[in-house]
Amino acid sequence: MKTIINNINKVIAFARLYSFIIGITLIIQACSEPKYDIPDAESYSKIFMQAASNGTLSKSFPIEDTWHSIPLGAGYGGLVKPDQKITVQLSVDPSKLEEYNTANNTNYTLPPSGSYTFDGGTVEILPGLSGSNSVQLKVNPLKLGGTRTYLIPISITNVTPNIPIANGLGTAYIQVSGFYESNPYTPYDKTGWEIVDYSSDNNDNAVGGRARFCIDDDVNTCWLSQYTRVNGVRPAHPHHVTVDMKENKELHGIQLFGRKTLPGGSSQTYLFPKTVHIEVSSDNNNWTSVGVFTLIPVDQINPEGTMYFEETVSGRYVRVTVLGSTSPTGDTTAIAELYPF
């Protein structure tokens, strides 16, 4: 009798377990998302660029002679997965520059020729997948010629088979720029260079003081703007010197040294140029502004700073104008040496 009762209990337990499993299955089926048969589901399919989905893509690289790769590809979205291979052509699209600049009140241009490449701009989305392989946009920051930011629009220009491009996702805008970790350029030899114009100078027995001393290859001498007073007055900022390099040169920047602090002497950093305007000319008549730079003298004994240009410029004459020195109340300035490169 005991054995019969045990068998009956096992049957009852199994029945309860089976009923529980059936109940859970029914609940899950009831809660699952219903499936609908959508007519012409393929018509909802779209092609897009992933790099276009998050606005402008910005890339900045150390300025050196190295090619950097930026991978680009295409994506597929829709109600059904693709049942055949999709080929997508990506191309540099200069026509989008004006559209972008107008919409964003900017003035970007394409990078200089030879500073970037985009070959083989065809990618494929294989059947059953939603993303393509990648092709490479390559940029050489040294060939950008400076720290200026450029814009490269890459657009979807063809899709096979003919699938529509998602609105607003057909063009990726890639900003590229370079920054200096160190100076890759060699300063020019200044033999024969002359100072052809200057605002003022001051004879000083200790360091020279005359304008010509800022290009004599000796950081122990310097140009001093006039600091002696005449009738209680001396020239205030701005102060300038103009250098004749005797021939046109490609310029990427200028290294500037201030007046050295002599052993046992007081610091001369109050004379160091803080705000500097650089201009370049081929004829000493028509001038191009390269930019206004802010310099901070880290070394209090031998203060110096480097001004990197946004883009390479060409010229024979360089005008260096000191708009203000480190001392906010000072009238004078000093430059021990200029090294254009």
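This report describes aromatic rings and the charged side chains that lie over some of them.

The structure is a predicted model, and the count of aromatic pairs in this model comes to 8. One of these pairs joins tyrosine 100 and tyrosine 108, whose ring centres are 6.1 Å apart and whose planes make an angle of 55 degrees, which gives a tilted arrangement. Tyrosine 100 also forms a tilted pair with tyrosine 173, and here the centres are 4.8 Å apart with 40 degrees between the planes. Because tyrosine 100 belongs to helix H2 (residues 95-104) and tyrosine 173 to strand E10 (residues 171-179), this pair ties together parts that lie 73 residues apart in sequence.

Are these two rings buried or exposed? Tyrosine 100 has a relative accessibility of 10% and therefore counts as buried, since the cut-off for buried is under 20%. Tyrosine 173 has a relative accessible area of 15%, so this residue is buried by the same cut-off of under 20%.

Elsewhere in the chain, one aromatic cluster is formed by Tyr180, Tyr185, Tyr308 and Phe341.

Charged side chains also lie over the faces of aromatic rings, as the following table sets out for a lysine and an arginine.

| Charged residue | Ring beneath it | Distance from the ring centre |
|---|---|---|
| Lysine 190 | Tyrosine 339 | 3.9 Å |
| Arginine 319 | Tryptophan 287 | 4.1 Å |

Key
Residues numbered from 1 in each chain as written. Predicted model: local features only at pLDDT ≥ 70, side-chain atom pairs only at ≥ 80, totals over all residues. Heavy atoms only, no water. Phe/Tyr/Trp six-rings, centres within 6.5 Å; stacked < 30°, edge-to-face > 60°. Buried < 20%, exposed > 50% of the residue type's maximum accessible area, 1.4 Å probe, protein only. Helix = DSSP H or I, 4+ residues; strand = E, 2+ residues; numbered from the N terminus. Lys NZ or Arg CZ within 6 Å of the ring centre and 35° of its normal.
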